[in-house]
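Hi,

Here is the model I promised to send over. Have a look at it first, and my notes follow underneath.

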Amino acid sequence: MSADEALSPARTPVVVAIDGPAGSGKSSVSKAAAVALGYAFLDTGAAYRALTWLALERGVPPTDAAAIVGLLHDFHYTTEVHGDTTIVRVADGARASVDVTEAIREPRVTAAVSDIARIAEVRIALNEVFRRLIRRTDRPGIVVEGRDITTVVAPDAEVRILLTAAEEVRIARRSAELSPGAASTASQLRERDRRDAQVVDFLTAAPGVTTIDSTELDFGQTVQAVVELVRATTSPH
Ligand SMILES: Nc1ncnc2c1ncn2[C@@H]1O[C@H](COP(=O)(O)OP(=O)(O)OP(=O)(O)O)[C@@H](O)[C@H]1O
Ligand SMILES: Nc1ccn([C@@H]2O[C@H](COP(=O)(O)O)[C@@H](O)[C@H]2O)c(=O)n1
């Protein structure tokens, strides 16, 4: 251990874990809260989406668990945050990395990602990636959002939040940002939550998890609620 290391205590980032159903605002609210706090931001759904994109590109059926697990050996996932944009890149095998930031949001990826997310080996492998990214952050804290962050990925996080909203409000918010009509968005959002809920419980706050319901809150108020909870929880008494 160097003299500097001996003098400076090991620095561990504050971890803010945020889970919730589709369209609850996890990604957008978490990103804005991270910026307000000067924290890093990790969108774990993007990794599941990136693996799904690779499977679709390689023609691997998302329901073929063995083949999907075989893809993991070639799946090199990186993210870089530039301002409020997270650039997602995937390198597979010897091939150069590809910027998939936009591609992973395509409807074909959204329609298939839950199949891949239910594969146990995929969850184990990606959770190790997430924990490594959390450990490696050079910021004083990191906001990590997904479905099982408060319960599996970072159950000891200093701040654990279940971010939710009434289903009809989540559907309306998602419809406002997508081209399809509300009807198709509603059925897709309901079906994805139904399938995801078979794998992890992101609808019930585990012990120690604070629920923030944004049904009656606008975007700014929701971000403020997260920021205030983090500051209240982490400020020295
Ligand atoms: N409190 C709020 N009031 C109004 N709009 C909101 C609020 N929270 C989020 N939004 C908007 O709702 C939409 C969905 O938010 P976002 O994509 O962050 O949800 P999500 O939980 O990450 O969804 P998914 O899990 O499907 O990726 C975005 O357009 C976002 O700006
Ligand atoms: N921790 C997580 C995060 C995501 N998933 C799966 O990925 C899908 C996409 O996530 P978004 O946040 O981008 O919507 C999601 O529907 C889950 O199937 C997960 O299982 N665990």
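Before the notes, one term: helices here are DSSP runs of H or I with at least four residues, strands are runs of E with at least two, and both are numbered from the N terminus. Also keep in mind that this is a predicted model.

Ligand 1 first, since you will probably want to start with the ligands. Which helix gives the most to the shell around ligand 1? That is helix 2, with 4 residues. The shell has 19 residues in total, and the closest are Lys26, Ser28, Arg174, Arg192 and Thr222. Sorted by class, they come out as 5 nonpolar, 7 polar and 7 charged.

Three of the side-chain contacts to ligand 1 are worth pulling up in your viewer:

- Arginine 174 has a polar side-chain atom 2.8 Å from an oxygen atom of ligand 1.
- Threonine 222 puts a polar side-chain atom 2.9 Å from a nitrogen atom of ligand 1.
- For arginine 173, an N or O atom of the side chain is 3.4 Å from a nitrogen atom of ligand 1.

On its own, ligand 1 would expose 640 Å², and the protein buries 81% of that. The elements that contribute two or more residues to its shell are helix 2 (26-37), helix 8 (167-177) and helix 10.

Now ligand 2. How many residues are around ligand 2? There are 15, and the nearest are Arg49, Arg123, Asp148, Arg192 and Asp196. You'll spot Arg192 among the closest residues of ligand 1 and again among the nearest of ligand 2. By class, the shell of ligand 2 splits into 4 nonpolar, 4 polar and 7 charged residues.

Arginines supply the polar contacts I noted here:

- Arginine 49 has a polar side-chain atom 2.7 Å from an oxygen atom of ligand 2.
- Arginine 123 also has a polar side-chain atom 2.7 Å from an oxygen atom of ligand 2.
- Arginine 147 has a side-chain N or O atom 3.1 Å from an oxygen atom of ligand 2.

Taken alone, ligand 2 exposes 450 Å², of which the protein buries 96%. Helix 3 (44-58), helix 5 (107-117) and helix 9 (182-196) each supply at least two residues of this shell, and helix 3 gives the most, with 4 residues.

On to the sheets. One is an open sheet of 5 strands in the order 2-6-1-7-8, with parallel pairing. Why does one side of strand 2 and of strand 8 lack a neighbour in the sheet? Strand 2 (40-43) and strand 8 (210-213) stand at the edges with a single partner strand each, so one side of each is left open in that sense. Neighbouring strands in this sheet are turned by 20° against each other on average, ignoring direction.

Within that sheet, strand 7 (residues 159-164) runs parallel to strand 8, and 4 bridges join the two. Leucine 163 stands opposite isoleucine 212 in strand 8. Helix 10 (residues 219-234) lies across strand 1 (14-19), strand 7 and strand 8, at about 165° to strand 7. This is the helix 10 that turned up in the shell around ligand 1.

The other sheet is open too, with 3 strands in the order 3-4-5 and antiparallel pairing. Its edge strands are strand 3 (75-82) and strand 5 (98-99), each of which pairs on one side only. Strand 3 and strand 4 are joined by 8 bridges, with phenylalanine 75 opposite aspartate 92 in strand 4. Strand 3 and strand 4 also form a hairpin with 2 residues between them, and glycine 83 in the turn has a positive phi of about 65°. On the other side, strand 4 (residues 85-92) pairs with strand 5 in the antiparallel sense over 2 bridges, and arginine 89 stands opposite aspartate 99 in strand 5.

That's what I have so far. Shout if anything looks odd when you load it.

Cheers

Technical notes
Residues are numbered from 1 along each chain as its sequence is written. Chains are lettered from A and ligands numbered from 1 in the order in which they are written. This is a predicted model: local features need pLDDT of at least 70, side-chain atom pairs count only at pLDDT 80 or more; totals for chains, interfaces and linings use all residues. Side-chain values use heavy atoms; hydrogens and water are left out. Two strands pair if DSSP finds at least two bridges between them. Axes are lines fitted to C-alpha atoms, for helices over the stretch in contact, and angles run from 0 to 180 degrees between N-to-C directions. Contact means heavy atoms within 4.5 Å. A residue is near a molecule or strand if one of its heavy atoms lies within 4 Å of it. A polar contact is a pair of N or O atoms within 3.5 Å; within protein, one must be able to donate a hydrogen and the other to accept it, and residues adjacent in sequence count only if both atoms are side-chain atoms. Accessible areas come from the Shrake-Rupley method with a 1.4 Å probe; for residues, only the protein chains shown count as cover. Ala, Val, Leu, Ile, Met, Phe, Trp, Tyr, Cys and Pro count as nonpolar, Asp, Glu, Lys and Arg as charged, and the others, Gly among them, as polar.
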